[in-house]
Amino acid sequence: MPNFALPLRVQGAEGESPWGLLNRLALRNRASSPIELISMVGIRNRELVERIYASYELDRLSDLSGIPIDQINRHALIRNDKGTFINSVRISISTGIRVIRRGPVCPACLVEDMDRRTGPDLCRPYRRFWWDVTGGLVCPNHATYLLFRCPVCQAPLSHRDLNPLLCPFGHRLGPSGPPCASEFERRFVASLKGEPLAHGSPLSEMAPVQAATASLRVGLTDLYGGNHPLLRDLGTPELVRARERGFEILADWPNGFRNFLDNLYDQKPCGGFSVRFVYGEHLFYWLRNADISIEPLRRELRQHFLRNAPRRLGQSSFGGGAKVEPNSVTLSYLATVSGRDVKTIIKVAKHRKFVDTDHPTPSTLISNKHAKELIADFADSVGVADAVSLMGLTKVGFLRLRRSVQVPGRLSYRHYVRSALIEFVGLVGNGTGEVGIAPPRAATIPDAAKSTKISTEKIVKAIVERRLRPLGRLKHTNGISSILVNLDDVRKFVRN
């Protein structure tokens, strides 16, 4: 068993991220990069560094540093089908690496590290995990703006920089950014540790990264209007101010958000009338995504538009026109709740005539009644392979039957309602009883099809149309294959 222990190690720090620990180990061992660091212990896998940066294979990092894996996992990104977690707190519904962004720093924290921590100077300052989580803009300890660029050369900072006290070109970072007493920024960092952002508001149901996005989008729209500047054109103070304003609006739920929508509606330019036109493109496109936690905002915007829009309008992405029910949800929301692909939901809703448009989109509305019906059907649905097994046919036979007979329970080409398929098999069997041995001159439907050189689906269709009569169902078989028919009746049917 190879020994992965490094010759020189560092002490763990409170709030330190795994990628920050790897960088400090490289500094302590005089390595120019983490790749050179792991090569010191005979590891030639360059991808290991990237996986540690992404919070994978942290047991290797524990072997390298000598720090218990439980302590490292406290500030690592844990991803599963419900999102991204840090220390058992869900910080984002996304599992992508975009949860971690370019690496800002707080120079005041780093100076305190130099003064208070022990060990070599190079290894004293360390990265806090909340600096790197998408959404953080202010240091919670010093209430100052985080630095995203070197004040001397304007080089962007990264969480991959070995020494957080120096920029990529060696300039010492400092002084600290200007003070900022933002209530939202303080609560944002607290929410990364499990505290709710705002009681009684949709923000309390959102993951911190999504709550930061919601506050930013609403605040920018309130401060700059519907078509606000792009994020890359705004500085940190403008972003903090926008998030603080958005937080004030959303924390006063629902009155604050309704007043915000009233102001947007009153300020709309003349000459057009659509959701995108009235409320602005940025807010419109953000509210169209499939995040369940922003559904209360989506519902308020939809109902506000329905209350105020001219009734002659056709259906838009959030509704409009007399046919739309206020108690409805979007198809994208329904897809998220049911756990199905949104394209499948669109096809099924259109096929079953649950929407009033020939060209539904992810943001087309569907009534709550129809939405609950689809959710129940998809919960009881099976794929093609399971449907073939239930019907007791081959896949080719099942597909042919589907084309010739209106098989009930079809949600899409790949989804069928289990109970409806079982009911259909019972309909074909016509309530006949089970027999242990086939009577004389009787055979199962597939055997009768082979004997008379007719397709299985034609026999099933004849039974459904009452032109053939089933004799019973054979025990220990299932589906269509269990149903018995009289061979002489089948031959007579073929001749006629």
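Is Val337 buried, partly exposed or exposed? In this predicted model, Val337 has a relative accessibility of 38% and therefore counts as partly exposed. The residue belongs to helix H15, which spans residues 331–338. Val337 also takes part in a nonpolar patch on the surface, together with Ile292 and Ile375. The accessible area of these three residues together is about 200 Å².

A view of the whole chain helps to place such details. The protein chain contains 23 helices and eleven strands. It has 496 residues, of which 50% count as buried. Its accessible surface amounts to about 24200 Å², and carbon and sulfur atoms account for 49% of that area. Contacts were also sorted by separation along the sequence: among those between residues at least 6 apart, 62% join residues at least 24 apart.

Turning to the strands, an open sheet is built from three of them in the order S1-S2-S3, and the pairing is antiparallel. Strand S1 (78–80) and strand S3 (89–92) stand at the edges with a single partner strand each, so one side of each has no neighbour in the sheet. From one strand to the next, the twist averages 40 degrees. Three bridges connect S1 with strand S2 (residues 83–86) in the antiparallel sense. Here Arg79 has Thr84 in S2 as its bridge partner.

Further along the chain, strand S10 (residues 470–474) runs parallel to strand S8 (residues 434–435), and two bridges join them. Glu434 is the residue that stands opposite Arg473 of S10. S10 also pairs with strand S11 (residues 483–486), this time in the antiparallel sense and over three bridges. Arg473 appears in this pairing too, with Ile483 in S11 as its bridge partner. Arg473 can thus be followed from Glu434 to Ile483.

Charged side chains come next. How many salt bridges does a search of the whole structure find? The search returns 17. One of these salt bridges joins Arg24 to Glu16, with 2.7 Å between the closest N and O atoms. Arg24 and Glu16 are both buried. Asp113 and Arg128 form a salt bridge as well, with an N to O distance of 2.6 Å. Asp113 lies in helix H6 (residues 107–116), while Arg128 sits in the loop between H6 and helix H7 (129–132), so this pair ties together parts that are 15 residues apart in sequence. Asp113 and Arg128 are buried too.

The salt bridge between Glu300 and Arg258 has its closest N and O atoms 3.0 Å apart. This pair links distant parts of the chain, with Glu300 in helix H14 (residues 295–308) and Arg258 in helix H11 (residues 255–266), 42 residues apart. The two partners can be compared by their accessibility. Glu300 counts as buried because its relative accessibility is 9%, under the 20% limit. Arg258, by contrast, has a relative accessible area of 34% and is partly exposed. Elsewhere, Asp222, Arg245 and Glu248 are joined into one network by salt bridges that share partners.

Which residues does Ile459 touch, not counting those up to four places away in sequence? The contacts of Ile459 are Ile445, Ala448, Ala449, Ile454, Leu468 and Val490. Ile459 itself is found in helix H22, residues 456–464. With a relative accessible area of 0%, Ile459 is buried. Another view of its setting comes from Leu401, which is 58 residues away along the chain. The C-alpha atoms of Ile459 and Leu401 are 9.9 Å apart.

A final example of burial within a helix is given by H16, which covers residues 342–351. Its buried residues are Thr344, Ile345, Ile346, Val348 and Ala349. After H16 comes Lys353, a residue with a positive phi near 60 degrees.

Notes: Residues are numbered from 1 along each chain as its sequence is written. This is a predicted model: local features need pLDDT of at least 70, side-chain atom pairs count only at pLDDT 80 or more; totals for chains, interfaces and linings use all residues. Side-chain values use heavy atoms; hydrogens and water are left out. Patches are made of residues with over 30% relative accessible area and no salt bridge: like charges are joined within 9 Å, nonpolar side chains (Val, Leu, Ile, Met, Phe, Trp, Tyr) within 5 Å. Accessible areas come from the Shrake-Rupley method with a 1.4 Å probe; for residues, only the protein chains shown count as cover. A salt bridge is a side-chain nitrogen of Lys or Arg within 4 Å of a carboxyl oxygen of Asp or Glu. Helices (H or I, at least four residues) and strands (E, at least two) are DSSP runs, numbered from the N terminus. Buried means under 20% relative accessible area, exposed over 50%, partly exposed in between (1.4 Å probe, protein chains only). Two strands pair if DSSP finds at least two bridges between them. Axes are lines fitted to C-alpha atoms, for helices over the stretch in contact, and angles run from 0 to 180 degrees between N-to-C directions. Contact means heavy atoms within 4.5 Å.
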